[in-house]
Amino acid sequence: MFKILAKKILASGIKLFEIEAPLVARKALPGQFIVLKIDEYGERIPLTIYEYTRDKGTISIIFQEVGKSTMQLGTLNEGDCLSDIIGPLGCPTKIEKVGRVVTIGGGVGTAVIYPITRSLKEANNRVTSIIGARTRELLILKEEMEKASDELFITTDDGSYGRHGLVTDELKRLIDEGEKIDLIFAIGPVIMMKAVSNLAKQYNLKTMVSLNSIMVDGTGMCGCCRVTVKGRTKFVCVDGPDFEAEGVDFDELMNRQRIYLNEERLSIERYRERECRRNG
Ligand SMILES: Cc1cc2nc3c(=O)[nH]c(=O)nc-3n(C[C@H](O)[C@H](O)[C@H](O)COP(=O)(O)OP(=O)(O)OC[C@H]3O[C@@H](n4cnc5c(N)ncnc54)[C@H](O)[C@@H]3O)c2cc1C
Ligand code: FES
């Protein structure tokens, strides 16, 4: 059993758990993820390892409540236990000194880009970060990203905080300033990663993305997480989650993410009904 040692609410529907998981903490590296199950009947949920503390034997995850399983996860509290965690899974992010890097986090993708940003800075890169959210209330990890980067720019779609607009507007501004960019790393909704990739392609800038395809086992056995990269099938769980953006078939990925929409809707409805009955 994996005990939740701390719970923090970062924004509406976005929560952080610190969890006792010494064997995972011992081996975790930036860019890797876990698959967890809440209880023996639980769905397997892939979530990025946001932070790990080897000497304490803990890992932290940040998750957004988007469906039945993440909503149920959000109801757990300090002292509760998760029945299963497997990990660390996936290939760690390749961290090397390349020069100037722009890291971009959209929505809860900021939780995934944070450890990568920190490691890129520790590797002596000059790191400019851009984080974006729909609105001020949904912005997360502002202070952490500020510390992890040399400079941070913030955008909100509705202009309630930072610059009014999308992360791509800010990226375009940086490109237009003319300073050389050696690498872009973008993590967020697939539509955002596609937009960053298209923009970067126009300027011949190398871009990495971390893909969040639907997963089941997370170990390369079921084929559920397959994506097409440069015309070849790749499994996100074992070949990724990081891929060079150029060549990723983002449209196919978006379509595959919608495959179970009806089942997901039904699952939330049933969960809400059960919760209503339970709470009288
Ligand atoms: C490698 C990886 C790392 C991730 N890291 C994070 C993270 O750090 N924080 C975070 O909030 N989310 C992360 N996600 C997404 C997270 O796994 C899904 O939001 C979660 O599984 C949704 O489950 P649900 O039952 O609450 O929602 P559902 O109602 O089942 O689904 C809502 C949407 O979530 C996606 N989804 C559903 N099931 C899965 C699944 N098994 N695997 C992947 N996506 C799924 C689909 O696009 C779906 O339309 C990550 C996904 C992957 C693949
Ligand atoms: S999740 Fe099954 S092969 Fe990747």
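# Notebook: buried turns, helices and two domains

I began with L141, which is buried, with 23 other C-beta atoms within 10 Å. The cut-off for buried is 20 or more such atoms, so L141 passes. I note at once that this is a predicted model. L141 sits in the loop between β10 (126-133) and α4 (142-148). I looked up its phi and found a positive value of about 60°, although L141 is not a glycine.

**Entry: a second positive phi**

Next I checked N204. Its phi is near 60°, again a positive value in a residue other than glycine. N204 belongs to the loop between α6 and β14 (207-210). Is N204 buried or exposed? I counted 7 C-beta neighbours inside 10 Å, so N204 counts as exposed. My two loop residues therefore differ in setting: L141 is buried, whereas N204 is exposed.

**Entry: helix α3**

I turned to helix α3, residues 109-122. It has 14 residues and reaches 20 Å from its first C-alpha to its last. That is close to the 20 Å expected at 1.5 Å a residue. How many of the residues of α3 are buried? I found 11 of the 14, so α3 is largely enclosed by the rest of the structure. Among the buried ones are G109, Y114, P115, R118 and L120. N124 follows α3, and its phi is positive, near 70°.

**Entry: helix α9**

Then I took helix α9, residues 261-278. It has 18 residues and spans 26 Å from first C-alpha to last, close to the 26 Å expected at 1.5 Å a residue. I looked for buried residues in α9 and the count was zero. This helix is hardly covered, while α3 is largely enclosed. Just after α9 comes G280, with a positive phi of about 75°.

**Entry: the loop before α9**

I stepped back to R258, in the loop between α8 and α9. R258 has 10 C-beta neighbours inside 10 Å, so it counts as exposed. I also took a distance from R258 to P241. They are 17 residues apart along the chain, and their C-alpha atoms are separated by 19 Å.

**Entry: α6 against α8**

I wanted to know how two helices pack. Helix α6 (residues 190-202) and helix α8 (residues 250-257) have axes 10 Å apart. The angle between them is about 175°. That makes α6 roughly antiparallel to α8, because angles over 145 degrees count that way. Which residues of α6 meet α8? I listed V190, M193 and K194 from α6. On the α8 side I listed F250, L253, M254 and Q257. By class, this contact has five nonpolar, one polar and one charged residues.

**Entry: two cis peptide bonds**

I looked up peptide bonds before proline. The bond joining G87 and P88 is cis, with omega about 0°. P88 is placed in strand β8. The bond from G240 to P241 is cis too, with omega near 10°. P241 is in the loop between α7 (236-239) and β17 (242-244). So one of these prolines is in a strand and the other is in a loop.

**Entry: S83**

S83 lies in the loop between β7 (81-82) and β8. Its neighbour count is 13 other C-beta atoms within 10 Å, which means partly exposed. Leaving out residues up to four places away in sequence, I found that S83 touches M1, K37, I38, D39, E40 and G42. I then tried E137, which is 54 residues from S83 along the chain. Their C-alpha atoms are separated by 32 Å.

**Entry: the two domains**

Last, I looked at the whole chain. The domain assignment gives domain 1 (2-89) and domain 2 (100-257). Their C-alpha centres lie 22 Å apart. Where do they touch? I counted 17 residues of domain 1 in contact with 19 residues of domain 2. Several strands each supply at least two residues of the domain 1 side: β1 (2-11), β3 (33-37), β4 (45-48), β6 (58-64) and β8 (84-89). By class, that side has 11 nonpolar, four polar and two charged residues.

Notes. Residues numbered from 1 in each chain as written. Chains lettered and ligands numbered in written order. Predicted model: local features only at pLDDT ≥ 70, side-chain atom pairs only at ≥ 80, totals over all residues. Helix = DSSP H or I, 4+ residues; strand = E, 2+ residues; numbered from the N terminus. Expected span 1.5 Å × (residues − 1). Buried ≥ 20, exposed ≤ 12 C-beta atoms within 10 Å, placed from the backbone. Axes fitted to C-alpha atoms, helices over the stretch in contact; angles between N-to-C directions. Parallel < 35°, antiparallel > 145°, perpendicular 65-115°, else oblique. Contact = placed C-beta atoms within 7 Å. Nonpolar A, V, L, I, M, F, W, Y, C, P; charged D, E, K, R; others polar. Domains from an automatic or database assignment.
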